[in-house]
Amino acid sequence: MNAPFGFPSEHDRVAFDRGELGVILSVYGRMVAAGEWRDYAMSFLREMAVFSVFRRATEHPLYRIEKRPRLRNAQGQYAVIGMDGRVLKRGHDLRVVLRVLEKKLIRPVE
């Protein structure tokens, strides 16, 4: 079945698989429980899939978790991008890349 004119077909888009979403949502759940994050959005584009994290739904995303399959053999297909556009971590293993976000949960006890 062909997609309507101007719209990409489902085969033209990059998406997270079930395992990848499980890893991402595990981190997301811990951050929600800690009161750090409140909302998320997913985008499935031709070149990449993006999981955006928000403190409030009306704001710009705090972080973007990106999957770019074309970078699989180079720097790694997964990346965490900060609000300012900086790449905080990039790599081949999603769990390792997401550890940069879990460091935000570690706080000194007063």
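Which residues is Ser52 in contact with, leaving aside its neighbours within four places in sequence? I looked that up before anything else, working in a predicted model.

**Entry: Ser52**

The list for Ser52 reads Asp39, Tyr40, Ala41, Pro61, Tyr63 and Arg64, once neighbours within four places in sequence are left aside. I placed Ser52 in strand β2, which covers residues 49-54. Buried or exposed? Ser52 has a relative accessible area of 9%, and the cut-off for buried is under 20%, so Ser52 counts as buried. I then checked what sits across from Ser52 in β3, and the bridge partner is Arg64. That pair belongs to β2 and β3, which pair in the antiparallel sense over five bridges.

**Entry: the overall layout**

I stepped back to get my bearings. The chain has two helices and five strands, and along the sequence they follow the pattern α-β-β-β-β-β-α. Of the chain's 110 residues, 33% count as buried. I also looked at contacts between residues at least 6 apart in sequence: 33% of them join residues at least 24 apart.

**Entry: the sheet**

In what order do the five strands of the sheet come? I read it off as β1-β2-β3-β4-β5, an open sheet with antiparallel pairing. The edge strands are β1 (39-44) and β5 (87-91), each of which pairs on one side only. From one strand to the next, the twist averages 15 degrees.

I spent some time on β3, residues 63-67. Five bridges join β3 to β4 (residues 78-82), and the two run antiparallel. Tyr63 stands opposite Gly82 in β4. Four of the five residues of β3 are buried, so the strand is largely enclosed by the rest of the structure.

Then I looked for what lies across the sheet. Helix α2, residues 94-102, lies across β3, β4 and β5, and runs at about 15 degrees to β4.

**Entry: Lys67**

A lysine in β3 caught my eye: Lys67 lies in that strand. I looked up its accessibility, and at 10% relative accessibility Lys67 counts as buried. What does the side chain of Lys67 join in a polar contact? I found the side chain of Glu20, at 3.0 Å. Beyond neighbours within four places in sequence, the contacts of Lys67 include Val14, Ala15, Phe16 and Asp17. Glu47, Met48 and Ala49 are also among them, as are Gln77 and Tyr78.

**Entry: helix α1**

Glu20 took me to α1, where Glu20 is buried along with Val23, Ile24, Val27, Tyr28 and Met31. Seen down the axis of α1, the buried residues fall within an arc of 130 degrees, so they line one face of the helix. What covers these buried residues includes β1, β2, β3, β4 and α2. On the face of α1 turned away from the buried side I found the exposed residues Arg18 and Ala33.

Does the length of α1 agree or disagree with 1.5 Å a residue? I checked: the helix has 16 residues (18-33) and should span 22 Å, and its end C-alpha atoms are 22 Å apart, so the two agree.

I looked at both ends of α1 too. At the N-terminal end, Asp17 caps the helix, with a side-chain oxygen 3.1 Å from the backbone nitrogen of Gly19. After α1 comes Gly35, whose phi is positive, near 80 degrees.

**Entry: Trp37**

Last stop was the loop between α1 and β1, where Trp37 lies. How much relative accessibility does Trp37 have? I got 3%, so Trp37 counts as buried. Leaving aside neighbours within four places in sequence, Trp37 is in contact with Val27, Tyr28, Met31 and Val32, among others. Its list also includes Val53, Phe54, Leu62, Tyr63 and Leu101. Val27, Tyr28 and Met31 are residues I had already noted as buried in α1. Finally, I compared Trp37 with Arg56: they are 19 residues apart in sequence, and their C-alpha atoms are 7.6 Å apart in space.

Definitions and conventions: Residues are numbered from 1 along each chain as its sequence is written. This is a predicted model: local features need pLDDT of at least 70, side-chain atom pairs count only at pLDDT 80 or more; totals for chains, interfaces and linings use all residues. Side-chain values use heavy atoms; hydrogens and water are left out. Two strands pair if DSSP finds at least two bridges between them. Axes are lines fitted to C-alpha atoms, for helices over the stretch in contact, and angles run from 0 to 180 degrees between N-to-C directions. Contact means heavy atoms within 4.5 Å. Buried means under 20% relative accessible area, exposed over 50%, partly exposed in between (1.4 Å probe, protein chains only). The expected span of a helix is 1.5 Å times one less than its number of residues. The arc is that of the directions from the helix axis to the C-beta atoms. A polar contact is a pair of N or O atoms within 3.5 Å; within protein, one must be able to donate a hydrogen and the other to accept it, and residues adjacent in sequence count only if both atoms are side-chain atoms.
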